[in-house]
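Below are my notes on this structure, set out as numbered points for a colleague who has not seen it before. Please read them with the model open beside you.

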Amino acid sequence: MLYGSQYEAGFSTRKQELEYQRALAEKLLQWALLKEYGVSLSELRRERTSAGKPFFVDCPIHFSLSHCRGMVCCALSSDSVGVDVEQVRPVRPAIVRRVCTEEERLWLSVQRDQTDAFFSLWTLKESVMKLSGQGIRYGFQQASFTFKQDTPCFREPEVLLSQFALSGGWKVSAASRKERFTNICLIDLP
């Protein structure tokens, strides 16, 4: 299941907001675990793989967290999962050149809203990199997409992709080898 929670920005420093985002993501994970599995986060022990992906020890529940200004997301699954959220905003051409393959840049060039399309692609790439367990080390160029009927397709067909466009301009993407997510549940956290 996918969960998201919006919050009002208004922090005096980026560091304060990052701390808030991390705390809110933890609250969302705690809430989702109780709702989906009846498990308290405090009962679970977390570790990280050598590549840095967090996981629960001796527990079959997999999770992924993501945050950006104004939103945090959590994905829970019975198998490895990756989630990413971003708010659509202006993007510099140098970023597009750095993270997109030539085929992806060509696809972007013919999109009506190239910025929106870029963040759709960006969140898909991030979700796949998180699914791999390597995160950014996987590489934006390695997390490459082809396009069938104008739809991004990951080069590994067994990876199932889900994507949601939320009001407020957020894009949420999830990657899994077991399930496609049919919706995202938005909740208010205190």
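1. The largest nonpolar core, meaning a set of buried Ala, Val, Leu, Ile, Met, Phe, Trp, Tyr and Cys residues joined through side-chain atoms within 4.5 Å, has 24 residues, and those with the most contacts inside it are Phe118, Val128, Phe145, Phe154 and Leu161. Two or more residues each come from α2 (93–99), α3 (102–109), α4 (114–132) and β7 (145–148), and α4 gives the largest share, nine residues. Here buried means under 20% relative accessible area, exposed over 50% and partly exposed in between, with a 1.4 Å probe and protein chains only.

2. This is a predicted model, in which local features need pLDDT of at least 70 and side-chain atom pairs count only at pLDDT 80 or more, while totals for chains, interfaces and linings use all residues. Residues are numbered from 1 along each chain as its sequence is written, and side-chain values use heavy atoms, with hydrogens and water left out.

3. Leaving aside neighbours within four places in sequence, Phe145 is in contact (heavy atoms within 4.5 Å) with residues including Leu121, Leu124, Val128, Phe154 and Leu161. Apart from the largest core lies another core of 20 residues, among them Leu28, Ala32, Leu44 and Ile61.

4. In α3, the residues Glu104, Trp107 and Leu108 are buried. Seen down the axis of α3, its buried residues fall within an arc of 100°, so they line one face of the helix; the arc is that of the directions from the helix axis to the C-beta atoms. The face turned away from this buried side carries the exposed residues Glu102 and Leu106, whereas the cover over the buried residues includes α2, α4, β7 and β8 (151–154).

5. Four strands form an open sheet of mixed pairing in the order β4-β5-β1-β11, where two strands pair if DSSP finds at least two bridges between them. Because β4 (62–68) and β11 (184–186) stand at the edges with a single partner strand each, one side of each is left without a neighbour in the sheet. Strands β1 (residues 2–6) and β5 (residues 71–77) run antiparallel and are joined by five bridges, and Tyr3 has Cys74 as its bridge partner in β5.

6. The protein chain has four helices and eleven strands, which are DSSP runs numbered from the N terminus (helices H or I, at least four residues; strands E, at least two). Buried residues make up 49% of its 190 residues.
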